[in-house]
Amino acid sequence: MRVVFVGPPGVGKGTQAQRLAERRGMVKISTGDVLREAVRQGTPLGVRAKAFMDAGSLVPDDLVIGMLSERLAGDDTARGCLLDGFPRTIAQAEALEKMLARRGEALDLVVAFEADHEVIVDRLSGRRSCPRCGKVYHVRFDPSPAGARCGGCGAELVQREDDREATIRRRLKVYEEETAPLLAYYRDRGLLVQVDGTAPIDAVAARVDEALNAPRPA
Ligand code: ADP
Ligand code: ADP
Ligand code: ZN
């Protein structure tokens, strides 16, 4: 299956993507993780992307589309993939459609997670991330079994630079302006399923499974 997760920052896309990929053995591509890794390694892409990410803006379409198209060219995605955080603009959605069409493929489902701003600010301010393996925790809602360290790999957890209040507000605005139009775009194509992101993690996961088991929504 080819599935896209879309939704405002902090709604739980990454958490659900991580769990779904584990449950179903799907190949997961989180563009935020790929970009942060590029920044960490100081690649040309990372050098260009960093300022946008720090400001809470989107990285320009041409950079992100180029990056995703390279990643999708890998053999491991031939049988399907889970895209977390891509597309985030209509231009990216159109580029994705073309990339897949060239290989005789298409998206099966777009899951749109929803939550209001208050929930999101609470989620993002308590988020802790593993800089080594990308696992995500929450100080109250999903604490690491290893305390201040990652339960997966043992690295020390960090608060992301862009998970601070001013940048959070900026990212929410960017979401409303640039990403939210994707909902109508995918609804028109009959691909959209909306999921309440405010429920507990396991309840959201069950709802995602339900959506995947009925791949073509009305
Ligand atoms: P969150 O899920 O908290 O919104 P991500 O980890 O998905 O954050 O993304 C972090 C940052 O990486 C974004 O604020 C943006 O700068 C950049 N980014 C990630 N995916 C994309 C994309 N598809 N297009 C443009 N920028 C992106
Ligand atoms: P996104 O990828 O959409 O930015 P994350 O998956 O990183 O969001 O989740 C944001 C924060 O909220 C993380 O700290 C995560 O542990 C926590 N979280 C995710 N889903 C839930 C949920 N259903 N209930 C409570 N907290 C959650
Ligand atoms: Zn880790």
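Start by selecting Gly154, which you'll find in the loop between S6 and H7. You're looking at a predicted model, so treat everything on this tour as computed. Gly154 has a relative accessible area of 30%, so it counts as partly exposed. Now add Lys135 to the selection: it is 19 residues from Gly154 in sequence, and the two C-alpha atoms are 11 Å apart in space.

**Next stop: the zinc ion**

Select ligand 3, the zinc ion, and show the side chains of Cys130, Cys133, Cys150 and Cys153. Their SG atoms coordinate the metal at 2.3 to 2.4 Å. What is the geometry of this site? It is tetrahedral, with angles of 96 to 118° among the four donor atoms. For reference, the ideal angle for four tetrahedral donors is 109.5 degrees. Along the sequence, the donor residues follow the spacing C-x2-C-x16-C-x2-C.

Two of these donors, Cys133 and Cys153, link distant parts of the chain, 20 residues apart. Cys133 sits in the loop between strand S5 (127-129) and strand S6 (136-138), while Cys153 is in the loop between S6 and helix H7 (165-179). Color both by accessibility if your viewer can do that. Cys133 is partly exposed because its relative accessibility is 42%, and Cys153 falls in that class too, at 26%.

**On to ligand 1**

Select ligand 1 and bring up its surroundings, a set of 18 residues. Which of them come nearest? Those are Thr31, Ser57, Arg88, Arg127 and Arg171. If you color the shell by class, you should get seven nonpolar, five polar and six charged residues. Then highlight helix H2 (residues 31-41), which gives the most to this shell, with four residues.

Now for some distances, each ending on an oxygen atom of ligand 1:

- From Arg36, pick an N or O atom in the side chain: the separation is 2.9 Å.
- From Ser57, use a backbone N or O atom, which lies 2.6 Å away.
- From Arg171, take a polar side-chain atom, also listed at 2.6 Å.

Switch on the protein surface here as well. On its own, ligand 1 has 550 Å² of accessible area, and the protein covers 95% of it.

**Then ligand 2**

Move your selection to ligand 2, which has 19 residues around it. Gly10, Gly14, Thr15, Arg127 and Tyr137 come nearest. You've met Arg127 already, among the nearest residues to ligand 1. Helix H1 (13-24) and strand S6 each supply at least two residues of the ligand 2 shell. By class, this shell divides into nine nonpolar, six polar and four charged residues.

Backbone atoms are the ones to show for these contacts:

- Val11 has a polar backbone atom 3.3 Å from an oxygen atom of ligand 2.
- Gly14 places a polar backbone atom 2.8 Å from an oxygen atom of the ligand.
- Ile201 has a polar backbone atom 3.3 Å from a nitrogen atom of ligand 2.

How much of ligand 2 does the protein bury? Taken alone, the ligand exposes 570 Å², and 94% of that is buried by the protein.

**Last stop: Ser125**

Finish by selecting Ser125, which lies in helix H6 (residues 117-125). With 35% relative accessibility, Ser125 counts as partly exposed. Add Leu45, which is 80 residues away along the chain, and draw a line between the two C-alpha atoms: it spans 27 Å.

Methods:
Residues are numbered from 1 along each chain as its sequence is written. Chains are lettered from A and ligands numbered from 1 in the order in which they are written. This is a predicted model: local features need pLDDT of at least 70, side-chain atom pairs count only at pLDDT 80 or more; totals for chains, interfaces and linings use all residues. Side-chain values use heavy atoms; hydrogens and water are left out. A residue is near a molecule or strand if one of its heavy atoms lies within 4 Å of it. A polar contact is a pair of N or O atoms within 3.5 Å; within protein, one must be able to donate a hydrogen and the other to accept it, and residues adjacent in sequence count only if both atoms are side-chain atoms. Accessible areas come from the Shrake-Rupley method with a 1.4 Å probe; for residues, only the protein chains shown count as cover. Ala, Val, Leu, Ile, Met, Phe, Trp, Tyr, Cys and Pro count as nonpolar, Asp, Glu, Lys and Arg as charged, and the others, Gly among them, as polar. Donors are N, O and S atoms within 2.8 Å of the metal (3.2 Å for Na, K and Ca); water is not among the atoms, so sites may look incomplete. Four donors count as tetrahedral if all angles lie between 85 and 135 degrees; four count as square planar and six as octahedral if opposite donors are over 155 degrees apart and all others between 65 and 115; anything else is irregular. Buried means under 20% relative accessible area, exposed over 50%, partly exposed in between (1.4 Å probe, protein chains only).
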